[in-house]
Amino acid sequence: MMISARICMANAAQIERHVLPDSGTAARAVAEWLLDRALAVADRPALCLAGGTTPRLVYELLAESPLRERFPWDRVHWFFGDERLVAPSDARSNYHMVREALLERAPV
């Protein structure tokens, strides 16, 4: 199975398309891309967290070595792009997933 990821920056005129062999490779590429983008911002980068199952592996990779030690956790503004109308402790909650995959495992 090939995974196609389209990366688009809000202030860029070009769109990059990468075709990767599987979801694990795609998640690693996105996690490394997020790290590079966060490091490239001199001030305080803003990162909008998505919910669902697709970004979970990206969040887990960011919270693990070696990305965890290189990510500028103290400078990032974190936002949620969506949330379900359920309690934060509910397994269907996007916050719940992000908390388990990232927030509890990284110095956010």
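## How confident is the model?

pLDDT is the predictor's confidence in each residue, on a scale from 0 to 100. The structure shown here is a predicted model, so this score is a good place to begin. Averaged over the chain, the pLDDT is 86, and 87% of the residues reach at least 70.

The score varies among the elements of the chain. Helix H3 (residues 67-70) has the highest mean pLDDT, 97, while strand S1 (residues 3-8) has the lowest, 48. Over residues 1-8 the pLDDT is below 50, although this stretch has 26 contacts in the model beyond near neighbours in sequence. Where pLDDT is low, predicted coordinates should not be read in detail.

## The largest nonpolar core

Let us turn to the interior. The largest nonpolar core has 21 residues, and those that touch the most other members are Tyr59, Leu62, Phe71 and Leu102. At least two residues of this core come from each of helix H1 (23-40), strand S3 (46-49), helix H2 (56-62) and helix H4 (94-103). Helix H1 gives the most, with five residues.

Tyr59 is worth finding in the structure. Setting aside neighbours within four places in sequence, tyrosine 59 is in contact with Leu49, Ala50, Met97, Val98, Ala101 and Leu102. One of these, Leu102, is also among the core residues that touch the most other members.

## Aromatic pairs

How many aromatic pairs are there? The count comes to four. In one of them, the rings of phenylalanine 71 and tryptophan 73 have centres 4.4 Å apart; their planes meet at 40°, so the pair is tilted. Are these two residues buried or exposed? Phenylalanine 71 has a relative accessible area of 5%, so this residue is buried. Tryptophan 73 is buried as well, because its relative accessibility is 6%, below the 20% cut-off. Together with Trp78, Phe71 and Trp73 form one aromatic cluster.

Phenylalanine 80 and tyrosine 95 make another tilted aromatic pair, with 5.9 Å from centre to centre and 55° between the planes. Phenylalanine 80 sits in strand S4 (residues 77-80) and tyrosine 95 in helix H4, so this pair ties together parts that are 15 residues apart in sequence.

Here the surroundings are more open to view: phenylalanine 80 is partly exposed, with a relative accessible area of 37%, and tyrosine 95 also counts as partly exposed, at 30% relative accessibility.

Terms used:
Residues numbered from 1 in each chain as written. Predicted model: local features only at pLDDT ≥ 70, side-chain atom pairs only at ≥ 80, totals over all residues. Heavy atoms only, no water. Core = buried A, V, L, I, M, F, W, Y, C linked by side-chain atoms within 4.5 Å. Buried < 20%, exposed > 50% of the residue type's maximum accessible area, 1.4 Å probe, protein only. Helix = DSSP H or I, 4+ residues; strand = E, 2+ residues; numbered from the N terminus. Contact = heavy atoms within 4.5 Å. Phe/Tyr/Trp six-rings, centres within 6.5 Å; stacked < 30°, edge-to-face > 60°.
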